[in-house]
Amino acid sequence: DEPGCRTSHWSCRADERRVYPPPCAMSPSSGCSNEKPQASMSVCNLTANIANSIVGFAVLTLPTGMERLSDNGMATSEALGVGVVLLLVFGTLNAWTFTLIAEACERTGTCSYTAAWQKTLGPRTAWLVSSSTLLVSFNNAVICQSIIGVCLTDLIGFFLEAPEELPRLRIQLLVVVAVLLPLCLLPSLKPLSAASTFGLAGTATTAATMAARALDTSYGPEGKFFEVVQWVPTFEQRAADPEGEIAGLAAVAPSASSVAFFLSLASSAYLAHFNAPLMYAETRPDRHGSRLAPFRAAAAIAFSAAAALFISIGGAGFATFGEAVQALVINNYAAADPLAAIARCGLFLTVLFEFPLLERPFRLTLAEQLGSSSGGKGRIHVFLSLGAITAVAFAEPPLDQ
C-alpha cells in the first residue's frame, strides 16, 4: 500500500499522497441520506450498469444524424465515415467527463451531483445541475416508458396479426406494475446489473439484426422489402461542382449546423452522467481502498462497448435507408419483416431495463432537493416517482420529434 493509505473506505491518490474522505461521509452537505450506500458493485456489475445507462433508445436517432451530415453534397458512404469518427471522439470525451464527476465526488466526500457542485463551485448555482438532472432523467424516463408500451404492443400485434385491437395503455400499465415497479424498488444498483446485462443483450440483438439487413440488401432495389416500406431507401453520390466535375471533399464537408445536430444526438445517446455519483458511491474499493481505479476501468469498458453499439446501429441504419432514414430508424423497417420483429424485441429489452437507471436519479435528486431524510429510498417515494412518470407517459408524447 502507498504511504498514508489503508485498505478501508478511505482512498488515496498515489501520485499526490493525499487522502480523501469516502463518498457519503454523512456531512449535512454531502447529499447523502442517513442510510449509507453499500459499496458492493464489482467492476463487472459496474460495467453492466454504466453501459446499460448509456445505451438506450437514443441510439435509434443516430442514423438520422448521419443523414444530416450529407446535406452539403457528401456521399452517403463518406457521411457514414464522418459519423463514425465523431462518435469515437465524442465517446472518448464523454467517458473522460463521466470519470471526472466521480473524482469530484471523491475529493469532496459527496455522493450526489448537486452536493459535489456545491462543494466545488458554491451553492448559488447548484440549482442548475439539480434542475438539469431532474429534467433530463424525467424526460428520458417518460420517453423510455412510452417506447416500452409501443414496442410491446407492436410485438404482440405482430404475432396476433391484430395490432389495431390492442389496448396499448393497459399493456403499458401491466408492465409498469409487474416489471418496472419491482425493479425500481431494488435497494441498490448492484441487483440491477443482471437486468442491465439483459438490456445490453437486447441492444446487441437489435444491432445484429440491423447489420444483417444492411448486408443482405433486403431493402435494396432488388430486395423483397423495397416495395413495401413506407419510405423507399435513397442514397447520395458526391455532388458535382458548377463545371460538372465531382466536387472535392472540402467543398461537400458537413455544415456546422449539421455537425452540431449530429453531436446533439450523440450527446443524448452518451448521456449517463447524472448516474455517475450514484454508481461511484456503490463501487467496491480495490485492495488499496480506492474506488476511482475500478470506476475508471468500468467506465472505459462501458463507453467502449457503447461506442461499438452506436457505430453498429447508426451505421447499419444509415447504410440501409440512406437519405430516407426516419427520426427513429426502427420505423423504417417493414412491419412484415421477421428480423425487424427481433430488433423490436431487442429494443424492448433495452428500454425495459434502462428505465430503472433513469427513474432512480430523478427520484433521489428530487428527494435531495426537498430535504428528505430517507434520501428518496422509501417505498412511498418510489410509488410517487413512478406514478408521476407513468402519468406523463400516458399522455402519449410524440416519440419521433
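**Figure 1. A close-up of the largest cavity and the residues around it.** Lining the largest cavity are Ser53, Ile54, Gly56, Phe57, Ala58, Asn140, Ser268, Ala269, Leu271, Glu354 and Leu358. Helices α1, α8 and α11 (338-370) are the elements that each give two or more residues to that lining. The space inside comes to about 70 Å³. Keep in mind that this is a predicted model. Counting cavities of 30 Å³ or more gives three.

**Figure 2. The whole chain, for orientation, with twelve helices and two strands.** Reading along the sequence, you meet the elements in the order β-β-α-α-α-α-α-α-α-α-α-α-α-α. The protein has 401 residues, and 51% of them count as buried. Take the contacts between residues at least 6 apart in sequence: 77% of those join residues at least 24 apart.

**Figure 3. Helix α8, residues 256-270, and its buried side.** With 15 residues at 1.5 Å each, α8 should span 21 Å, and its end C-alpha atoms are indeed 21 Å apart, so the expected and modelled spans agree. Its buried residues are Ser258, Phe262, Leu265, Ala266, Ala269 and Tyr270. Those residues cover an arc of only 135° around the axis, which means that they sit on the same side of α8. As a reminder, an α-helix has 3.6 residues a turn, so residues three or four places apart point the same way. What covers the buried residues of α8? The cover includes α1 (43-54), α2 (62-68), α3 (76-108) and α10 (292-321).

**Figure 4. The largest nonpolar core, a set of 96 residues.** Which members touch the most other members? They are Ile50, Ile54, Phe295, Phe310 and Phe355. Helix α10 gives the most to this core, with 14 residues.

**Figure 5. Ile54, seen with its contacts from elsewhere in the sequence.** Leaving out residues up to four places away in sequence, Ile54 touches Ala269, Tyr270, Ala272, Ala302, Phe303, Ala306 and Phe310. Two of these partners, Ala269 and Tyr270, are also among the buried residues of α8. Ile54 turns up in the lining of the largest cavity too, along with Ala269.

**Figure 6. Leu80 in helix α3.** Buried or partly exposed? Leu80 has a relative accessible area of 23%, and buried means under 20%, so Leu80 counts as partly exposed. Setting aside residues up to four places away in sequence, Leu80 touches Met66, Gly315 and Phe318. Pro63 is 17 residues away along the chain, and its C-alpha atom is separated from that of Leu80 by 8.9 Å.

How values were computed. Residues are numbered from 1 along each chain as its sequence is written. This is a predicted model: local features need pLDDT of at least 70, side-chain atom pairs count only at pLDDT 80 or more; totals for chains, interfaces and linings use all residues. Side-chain values use heavy atoms; hydrogens and water are left out. Helices (H or I, at least four residues) and strands (E, at least two) are DSSP runs, numbered from the N terminus. The expected span of a helix is 1.5 Å times one less than its number of residues. Buried means under 20% relative accessible area, exposed over 50%, partly exposed in between (1.4 Å probe, protein chains only). The arc is that of the directions from the helix axis to the C-beta atoms. Contact means heavy atoms within 4.5 Å. A nonpolar core is a set of buried Ala, Val, Leu, Ile, Met, Phe, Trp, Tyr and Cys residues joined through side-chain atoms within 4.5 Å. On a 1 Å grid over the protein atoms alone, a cavity is a set of points where a 1.4 Å probe fits but cannot get out, and a pocket is an open set with protein on both sides within 12 Å along at least five of seven lines; lining residues have an atom within 4 Å of a point. Grid points are joined across faces, edges and corners, and a volume is the space filled by probe spheres set on the points.
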